[in-house]
Every structure is written in structure tokens, then in C-alpha cells.
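Hi everyone, thanks for coming. Today I'd like to walk you through a structure that may be new to you, so please have a look at it with me.

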Amino acid sequence: MKNTWRFSGNELKYLREVIDSGFGSGTSGSMNNRFENAFAEQCGAKYAITFNSGTSTLHAALAALDINAGDEVIVPPLTVISNIDVIFAQNAVPVFADIDPNTFNIDPKYIEKKITKKTKCIMPVSLYGLSADLDPIMKIAKKYNIGVINDAAEAFGSLYKNKKIAEIADITSYSTENSKHITTGDGGIVVTNNEKYAIAMRKFGSLGYAAMKSGDGRIRINKNVFQDPSYKRHDTLGLNYRMPEVAAALGLAQTERLKHFVDLRIKIADMYLEAVSGCNFITPQKTPDGYLNTYWCFTVKFEHKDVSWKEFRDKFLSFGGDGIYAAWTLSYEETVMTSEIYKKKALHYYKNLSYKKGLCPVAEITQPKLMQFVTNYGDIREASVKIKALKKTIDFFN
């Protein structure tokens with residue numbers, strides 16, 4: 001098996017349990033519930049609900065907060081396009097607030113300036129494993145009576161002021177895509193301490209089944225009820241975003257080893273920090289006191305006056321590095337936004353909506369400088385080869 005370091009726990013055991021049980025779906029099987037319960041306990045949350053992606057988790061979260069046509073959602077521009085897609089999917093309006101130049105996360109001081117009578121939600125992104133600055137965000141949300149969805153797709157195990165991040169926002173969303181701290185191949189899981197939100201998200205992700213509960217996604221528990229011709233199955237709108245039982249089996253096994261995966265990435269990031277220490281043209285993402293950055297990747301600002309981003313990357317590759325990833329283009333500068341194709345979704349709400357360069361100047365200056373280095377290695381030895389290549393590259397250009 002490839003990636004034995006990644007799947008060296010109970011994955012095969014739990015997959016066998018699913019197969020031996022008859023390969024049930026998430027509405028009849030128990031593996032999703034076991035994964036959800038284990039993950040909720042790890043996060044310090046009351047409720048967890050599995051989904052087929054970290055995009056569908058965000059979509060369900062917006063629906064749970066009753067975000068609808070014309071409502072505004074404040075979001076940072078430096079994030080994956082999923083955040084924007086799900087806002088448009090609800091016929092809502094993305095509103096961009098600028099980032100902090102040191103943490104690369106949304107800056108609370110810009111959020112309140114974007115609040116209007118139409119604002120219904122703030123969606124910070126805890127980028128690269130570092131929590132967003134949640135206290136002032138929650139304070140603003142309380143002041144204006146709006147919800148907060150923390151997109152923590154990359155921030156498994158992260159702490160904010162020594163507190164688990166899942167305990168703070170109204171809803172916290174995670175991705176279990178292959179590059180994340182734990183993986184189900186593709187998938188996502190969302191947590192909350194609010195029972196109303198938990199029920200709403202579970203129903204939204206499973207066709208609006210009336211029998212859904214906050215802590216249980218099974219609907220065929222009592223066949224005498226379910227097989228009655230007069231039984232009404234659906235009491236709200238929903239989509240089919242369920243996680244397959246086989247994926248949940250992986251998720252459960254991975255959750256049992258979450259601390260190992262998180263600790264390994266932190267150790268690797270510490271090695272990167274040592275490698276770039278003293279370099280005057282590389283500045284790592286700032287981790288404030290009391291935060292635990294769990295380093296989905298190790299991210300820096302590259303600011304060499306005489307060497308280009310690409311030139312540095314090419315030299316890194318020549319020394320044995322495995323590539324440097326660029327940050328996403330800012331969401332409002334992606335072609336899907338500049339072409340204004342979103343207007344086809346709901347012309348009534350979007351006909352006067354447009355996004356121009358200069359909207360978030362800090363993000364526009366920062367994004368082209370960002371370099372993301374891999375932390376998703378199986379052990380320290382594998383990582384050390386790449387980190388030595390980085391150190392050699394820095395010395396070459398010093």
C-alpha cells in the first residue's frame with residue numbers, strides 16, 4: 001500500500017466493517033456516526049456532521065444560518081473559491097474585507113467597515129493552520145446579531161488564545177480532502193455547539209429528511225414507520241451531500257491519529273522556521289502568542305529585491321526541493337469573478353454588483369509574495385531533505 005505512513009491505523013479494519021455490514025449508506029449505517037462522535041470529542045464540540053466535501057459543509061452552514069437571496073456575507077479575498085461559490089449558490093452576496101499582512105488572515109478592523117443592513121454572516125478563514133482573530137470577530141457579530149462560520153479547512157487542532165477554535169464560532173467547518181491533516185480522500189465535517197444549527201445542517205446535507213437529528217444521520221432505524229405509505233419523509237429543502245460510509249471509516253481511523261498528524265506538521269514547520277531564521281527576504285506567517293498554528297503548510301512572504309519568485313522556486317527545485325506553491329489568486333480577481341458570470345445566477349440581485357482591483361489593497365500586495373512549502377510528509381527524515389534544499393537556496397541568494 002502506498003502512503004503507509006498516512007493509513008497505518010485502523011483504516012482497513014473499519015473499511016472491512018462497512019463492507020461486512022452490507023455497505024450501507026450514511027442514512028442507514030453507523031460509521032458516519034462513529035466518525036462524527038470521535039471528531040466532535042477531539043474538537044470540544046457537541047455536534048459534528050459529515051459531508052462529501054469541505055465545500056458542502058460551508059454551503060450547509062450558510063443554509064443553517066438562513067443566508068438567502070440578497071443577504072451579504074463578509075469573507076476574506078485570500079481563500080479558495082469554494083467560499084465564494086457557496087455564497088452565490090445561496091444567491092447571497094460576497095463582501096470582501098482585507099487581510100492582516102502578517103497573519104494573512106482576515107483583519108477584524110476591516111470587517112466592521114463592511115457591515116450593512118444586509119449583512120447576515122461573517123466567514124473568516126483560518127488560513128494555513130492558523131486561527132483567525134476570533135474574539136473581535138465574535139464581538140462584531142454579537143453587536144450586529146449576525147452569524148460566524150469559521151472555515152477551518154486547514155486548521156485541524158488549532159488553538160486560539162489557548163482555546164480550541166471549534167468552541168468559539170457559531171459553526172466551524174473542516175475539509176478532509178487528501179492534503180489535509182486527516183483525510184477521507186474527499187470529504188468534510190462541520191461542528192457546532194448549537195443544536196438548531198446541527199439539525200439544519202444535517203437536513204440540508206441529506207435531502208431534508210424530517211427524521212434527521214442533531215447527533216444522528218440515520219433515518220431507517222424503525223422500518224415500520226419508514227415503510228408506511230403515508231409517511232412524509234421530507235420537511236425542508238436539502239441536497240445530497242452525504243459522506244459515504246467507506247469514507248467515514250477512513251475518517252474515524254484518521255481521527256484516532258489526529259494528534260500524531262498535527263504534531264508531525266508542527267515539528268516540520270519548526271524545522272522550516274529554523275531554516276529561514278535570519279533571512280532578511282523571507283518572513284514566515286506570524287503566529288501570535290496563545291495561538292497554536294498546526295501548519296497545513298508552511299507559508300512565508302518572499303521579498304527579495306533582486307530575485308523573482310519564480311527564480312527562487314526554480315533554484316529550490318534544482319537543489320532537490322519538491323516545489324513551492326503559490327497562494328490562490330484573490331477571489332475577486334479570478335476569471336469567474338472578473339467575467340461577472342455570477343450575474344447569471346440571479347440578475348435581480350447581481351446586476352449592479354462588480355468587484356474592482358483595489359478593493360483589498362493589503363491582500364493585493366501580499367498575495368503575489370506568498371510561498372507555501374509542503375508539511376504533508378510521512379516523517380522528519382523525508383521533510384529534512386526538502387528543508388535542506390530550502391536552506392541551500394537561501395544561502396545561494398544571500
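I'll talk about a pair of helices and then about a sheet. Please keep in mind that this is a predicted model.

Let's begin with the helices. Two packed helices are described by the angle between their axes and the distance between the axes. Here, helix α10, residues 258–276, packs against helix α15, residues 380–397, at an angle of about 20 degrees, and their axes are 9 Å apart. Angles under 35 degrees count as roughly parallel, so that is how α10 and α15 run relative to each other. Their crossing is right-handed.

Which residues make the contact between them? From α10 come Leu-264, Lys-267, Ile-268, Met-271, Tyr-272, Ala-275 and Val-276. On the α15 side we find Ile-380, Ala-383, Ser-384, Ile-387, Leu-390, Lys-391 and Ile-394. By character, the residues of this contact are 11 nonpolar, one polar and two charged.

Now for the sheet. It is an open sheet of four strands, in the order β10-β11-β13-β12, and the pairing is antiparallel. At the edges sit β10 (282–284) and β12 (325–326), each of which pairs on one side only. β12 pairs with β13, residues 370–374, in the antiparallel sense over two bridges. If you look for Ala-326, its bridge partner in β13 is Met-371.

And what packs on this sheet? That's helix α11, residues 309–318, which touches β10, β11 (297–302), β12 and β13. The direction of α11 makes about 20 degrees with that of β13.

That's my tour, thank you for listening!

Note on methods. Residues are numbered from 1 along each chain as its sequence is written. This is a predicted model: local features need pLDDT of at least 70, side-chain atom pairs count only at pLDDT 80 or more; totals for chains, interfaces and linings use all residues. Side-chain values use heavy atoms; hydrogens and water are left out. Axes are lines fitted to C-alpha atoms, for helices over the stretch in contact, and angles run from 0 to 180 degrees between N-to-C directions. Angles under 35 degrees count as roughly parallel, over 145 as roughly antiparallel, 65 to 115 as roughly perpendicular and the rest as oblique. A crossing is left-handed if the near helix is turned anticlockwise from the far one by less than a right angle, and right-handed if clockwise. Contact means heavy atoms within 4.5 Å. Ala, Val, Leu, Ile, Met, Phe, Trp, Tyr, Cys and Pro count as nonpolar, Asp, Glu, Lys and Arg as charged, and the others, Gly among them, as polar. Two strands pair if DSSP finds at least two bridges between them.
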